[in-house]
Amino acid sequence: MTGLPGDSDSSWDHGALRIGELSRVRLDALLTELLGRVDEIMDLQERQRALLDAVVSIGSDLDLNSTLERIVAAACSLVNARFGALGVLRTDGKRLARFITHGISPDQIAEIGPYPEGHGILGLLIENPEPLRLRDLSEHPRSYGFPANHPAMKTFLGVPVRTGDRVYGNLYLTEKAGGEEFTADDERVVLALAAAAGVLIDNARLYADTERRRRWHEATGEITQFMLGDFDAQDGLDLVVRKAREVSESRVGAIFLATDGELVLTALDAPAEFHRYLGRRFPAELPIFADLLAGRQRVVIEDLAELVTDSGQSEQLPELESLGRTIMVPLPPGNDHAGGALIVAADRAAVLGVTPGTDLLEMFANQTTLALDRAQARRDLAMLAILGDRDRIARDLHDLVIQRLFAVGLQLQGMQRTLDATAQARVTRAVEDIDATIQDLRNAIFELHRDPEDASLRASVAALVDEYVEPLGFRPRLVFSGPVDTVVPVKVRPQILATLREALSNVVRHARASQVEVQLSVSGQAATLRIADDGVGIATTERRSGLRNVTERAASLDGTLEICPNQPHGTVLELRCPV
């Protein structure tokens with residue numbers, strides 16, 4: 001029934017109209033809220049899609065360096081941050097080993113200077129690895145400020161990146177677009193990205209370790225192949241240290257060999273500024289070397305530059321200030337050396353391509369010792385072949401040449417009775433020449449039995465006599481007899497040379513001689529040095545002040561010194577010592 005105007009039922013219709021208007025208002029509010037929720041859901045779905053895309057893009061390949069760079073770029077894109085960085089922690093977890101940036105050009109990085117090490121707010125996340133959001137970086141009490149040429153940064157979001165049960169590093173994001181603060185949603189999204197990134201980093205590290213081991217084994221195979229042929233020991237060391245540096249992705253590779261209580265830098269693969277250290281000797285008792293050699297275990301230095309600075313050696317070793325993580329492994333002692341050390345060192349801003357627990361460096365250390373031993377073995381084999389040839393030549397000279405010359409000399413001596421005086425004199429000179437030739441051949445035979453790598457006493461005496469040719473004005477006659485090089489002990493040789501030098505000096509200063517004969521002979525258990533001149537002689541046998549040193553040397557050798565006149569004039573000095 002429809003009510004008429006003025007009827008009481010019309011008030012009910014008016015109230016219904018007002019209730020309908022109220023419902024429409026509430027409905028509009030509900031629709032607005034619903035649309036907002038839909039927008040939030042759409043935004044959340046968009047973020048989830050972006051997060052999924054970011055995770056997929058990060059894992060597009062297994063190279064660790066590019067993976068880290070993509071993680072930073074993806075984090076910046078997800079929360080609209082202008083700048084981002086990933087700080088990778090050192091193994092001790094106290095400082096940053098690497099700092100990968102996004103949003104800053106290489107030129108800007110060069111102008112800013114060295115990368116941060118983990119102080120201030122960056123260090124706060126290292127000490128307390130929990131998410132951190134800041135409206136203004138400068139207001140935080142741990143803020144250090146920024147270095148010169150650093151872009152301005154205000155808003156901040158930092159979250160840890162974990163691999164397994166340890167913190168691998170931290171993500172740092174600054175300057176959200178439009179000057180807005182980072183929100184709780186931003187934090188949740190970046191935390192989700194960090195969780196996925198931790199898994200991807202682990203995969204990339206495992207892949208990198210596998211690839212590294214493959215390269216190490218290829219390098220060791222190449223070194224082994226090299227050592228199968230003829231090679232010089234230094235070439236072998238150079239190859240080992242070069243391969244160790246390349247495969248460990250370090251800046252410097254070095255091999256030290258222990259010699260007489262010192263470590264000698266024997267092989268080096270490094271930039272040119274380090275080459276001045278090649279061949280330098282370092283005391284083996286230096287703390288880092290002493291620990292290495294005493295324990296025969298690897299030594300890991302997280303920051304070599306810091307160690308050098310703390311020890312006050314920056315001025316003496318300025319090049320080392322650019323080096324960071326360093327690993328040293330001992331070289332096993334070999335057949336002809338006492339061991340040493342193999343060292344690889346990375347730049348401070350780089351990660352060394354070998355972990356402290358790996359046995360890969362020990363493989364190279366063992367190959368270093370093997371290279372030295374094999375090179376020595378090849379030298380020994382070559383020396384045995386040379387000595388065998390020399391023995392054969394010496395036998396032929398003795399059994400054939402000397403015996404024939406001796407027979408010729410005897411025949412000439414037998415003919416002398418049938419010759420006149422002039423011919424006899426000529427034959428006598430010929431026989432003397434044959435005797436001298438036989439003596440020279442015997443000296444050559446003794447020389448053939450000497451190890452070519454050993455110092456030659458014959459050569460040293462001959463060189464010393466040559467020094468006095470000019471002061472004397474003539475060449476002294478030099479005669480060797482017996483196995484001089486093989487029998488005379490090493491400790492006796494300097495005394496013989498010193499005695500010869502003093503005797504020749506006295507002849508130059510006092511004798512006024514025109515002939516000098518130097519004889520060095522070995523017979524039985526004694527060596528004899530005899531210097532005879534035809535000078536004015538010594539006025540009295542008691543006057544020997546100038547020969548005091550020679551007398552003392554003879555006594556130190558348990559030998560005897562005799563000085564007597566020469567016939568018809570001159571002086572004879574004879575040193576005899578047991579061998």
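Start with the whole chain and its contacts: of those with a separation of 6 or more, 61% join residues 24 or more positions apart. Keep in mind that you're looking at a predicted model. Color by secondary structure and you'll have 15 helices and 16 strands to explore. Of the 579 residues, 41% count as buried. Switch on the surface, too: the accessible area comes to about 32,000 Å², and 53% of that belongs to carbon and sulfur atoms.

**Stop one: a sheet of five strands**

Now select strands 1 to 5. They make an open sheet in the order 2-1-5-4-3, with antiparallel pairing. Which strands stand at the edges? Look for strand 2 (96-102) and strand 3 (132-134); each has a single partner strand, so one side of each has no neighbour in the sheet. On average, neighbouring strands here are turned by 15 degrees against each other, direction ignored.

Zoom in on strands 3 and 4, which pair in the antiparallel sense over three bridges. To see a bridge for yourself, pick Arg133 and then its partner in strand 4, Leu157.

Next, add residues 184-227. That's helix 5, lying across strand 3, strand 4 and strand 5 (166-176), and it runs at about 30 degrees to strand 4.

**Stop two: Val159**

Stay with strand 4 (residues 156-163) and click on Val159. Is this residue buried or exposed? Its relative accessible area is 1%, which is under the 20% cut-off, so Val159 counts as buried. Leaving aside residues up to four places away in sequence, show what Val159 touches: Leu125, Pro131, Asn170, Leu171, Val190, Leu191 and Ala194. Then try the distance tool on Val159 and Pro129: they're 30 residues apart along the chain, yet their C-alpha atoms are separated by 7.3 Å.

**Stop three: aromatic rings**

Select Phe99, Tyr115, Phe156 and Tyr172 together, and you have one aromatic cluster.

A search of the whole structure finds four aromatic pairs. One of them is Phe256 with Phe282, an edge-to-face pair at 5.7 Å centre to centre, with 75 degrees between the planes. Where along the chain do Phe256 and Phe282 sit? Phe256 is in strand 6 (residues 252-259) and Phe282 in strand 8 (residues 281-283), 26 residues apart, and the pair links these distant parts of the chain. Turn the surface back on before you leave: both Phe256 and Phe282 are buried.

Key:
Residues are numbered from 1 along each chain as its sequence is written. This is a predicted model: local features need pLDDT of at least 70, side-chain atom pairs count only at pLDDT 80 or more; totals for chains, interfaces and linings use all residues. Side-chain values use heavy atoms; hydrogens and water are left out. Helices (H or I, at least four residues) and strands (E, at least two) are DSSP runs, numbered from the N terminus. Buried means under 20% relative accessible area, exposed over 50%, partly exposed in between (1.4 Å probe, protein chains only). Contact means heavy atoms within 4.5 Å. Two strands pair if DSSP finds at least two bridges between them. Axes are lines fitted to C-alpha atoms, for helices over the stretch in contact, and angles run from 0 to 180 degrees between N-to-C directions. Accessible areas come from the Shrake-Rupley method with a 1.4 Å probe; for residues, only the protein chains shown count as cover. Rings of Phe, Tyr and Trp (its six-membered ring) pair if their centres lie within 6.5 Å; planes under 30 degrees apart count as stacked, over 60 as edge-to-face and the rest as tilted.
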